[in-house]
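Student: I should like to go through this structure by question and answer. Please show me the sequence and the coordinates before we begin.

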Amino acid sequence: MRFFDSFTPKLALRIVLSILSLVLLFHLTVMVGIVPYKIVWGSKLHSINQMLVYEWITILITAIIFLVFLIKARLVKTFLPLAIVNFLLWIVFVFYSINTLLILTSGTSIEKGVFTFLSFLMALSTYRLAKEKSFVSWR
């Protein structure tokens, strides 16, 4: 448990918001063609139209997850009680835990090398924030 003593909710929040910002930027670069779509989604995308659908869905899900973390940080005001926000964070934790395992089975070394670590860090940070019984200050 000593790790969690130094892994503060504030640090976890900064990690997730930073990573999610980079993920959104990455997926936007895929959509506009800066990053080739053949290297994402386990190299299973076969057309630009298919890529656009997958990327729009990814951006939408990422934006919703980003919003949940902004609510936890009270950077966005909402009517949602803390218990619901924490429940949503537990769902996000499960999502990133499964995502980490799925990336490990991915066909590309780039996804395995970079995104496994980022996904694991997201799961760990989300776990830390979901366990927190109060809202978390950004500052």
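**Charge, fold and core**

Student: How far apart do the centres of the positive and negative side chains lie?
Tutor: The protein carries 13 positive and 4 negative side chains. Lys and Arg count as positive and Asp and Glu as negative, with His and the chain ends not counted; each charge is placed at NZ of Lys, CZ of Arg, CG of Asp or CD of Glu. The centres of the two sets are separated by 6 Å.

Student: What conventions apply to this model?
Tutor: This is a predicted model, in which local features need pLDDT of at least 70 and side-chain atom pairs count only at pLDDT 80 or more, while totals for chains, interfaces and linings use all residues. Residues are numbered from 1 along each chain as its sequence is written, and side-chain values use heavy atoms, with hydrogens and water left out.

Student: In what order do the elements run from the N terminus on?
Tutor: Helices (H or I, at least four residues) and strands (E, at least two) are DSSP runs, numbered from the N terminus. The protein has five helices and zero strands. From the N terminus on, the order is α-α-α-α-α.

Student: What is the radius of gyration of the protein, and why is the protein described as compact?
Tutor: The radius is taken over C-alpha atoms, and the globule rule is 2.2 Å times the number of residues to the power 0.38. For 139 residues that rule gives 14 Å, and the value for the protein is close to this, so the protein is as compact as a globular protein of that length. The radius of gyration is 16 Å.

Student: Which element gives the largest share of the largest nonpolar core?
Tutor: A nonpolar core is a set of buried Ala, Val, Leu, Ile, Met, Phe, Trp, Tyr and Cys residues joined through side-chain atoms within 4.5 Å, where buried means under 20% relative accessible area, exposed over 50% and partly exposed in between, with a 1.4 Å probe and protein chains only. The largest core has 25 residues, and Leu 13, Phe 69 and Leu 129 have the most contacts inside it. Two or more residues come from each of helix 2 (9–31), helix 3 (48–72), helix 4 (82–104) and helix 5 (109–131). The largest share, seven residues, comes from helix 2.

Student: Is Val 136 buried or exposed?
Tutor: Val 136 lies in the segment after helix 5. Leaving aside neighbours within four places in sequence, Val 136 is in contact (heavy atoms within 4.5 Å) with residues including Pro 9, Leu 13, Arg 74 and Leu 129. Its relative accessible area is 6%, so Val 136 is buried.

Student: What is the phi of Arg 74?
Tutor: Arg 74 is placed in the loop between helix 3 and helix 4. At 56% relative accessibility, Arg 74 counts as exposed. Although Arg 74 is not a glycine, its phi is positive, at about 60 degrees.

Student: Which residues are in contact with Lys 133, leaving aside its neighbours within four places in sequence?
Tutor: Lys 133 belongs to the segment after helix 5 and, at 69% relative accessibility, counts as exposed. The C-alpha atoms of Lys 133 and Asn 86 are separated by 8.0 Å, with these positions 47 residues apart along the chain counted as their separation. With those sequence neighbours set aside, the contacts of Lys 133 are Leu 82 and Asn 86.
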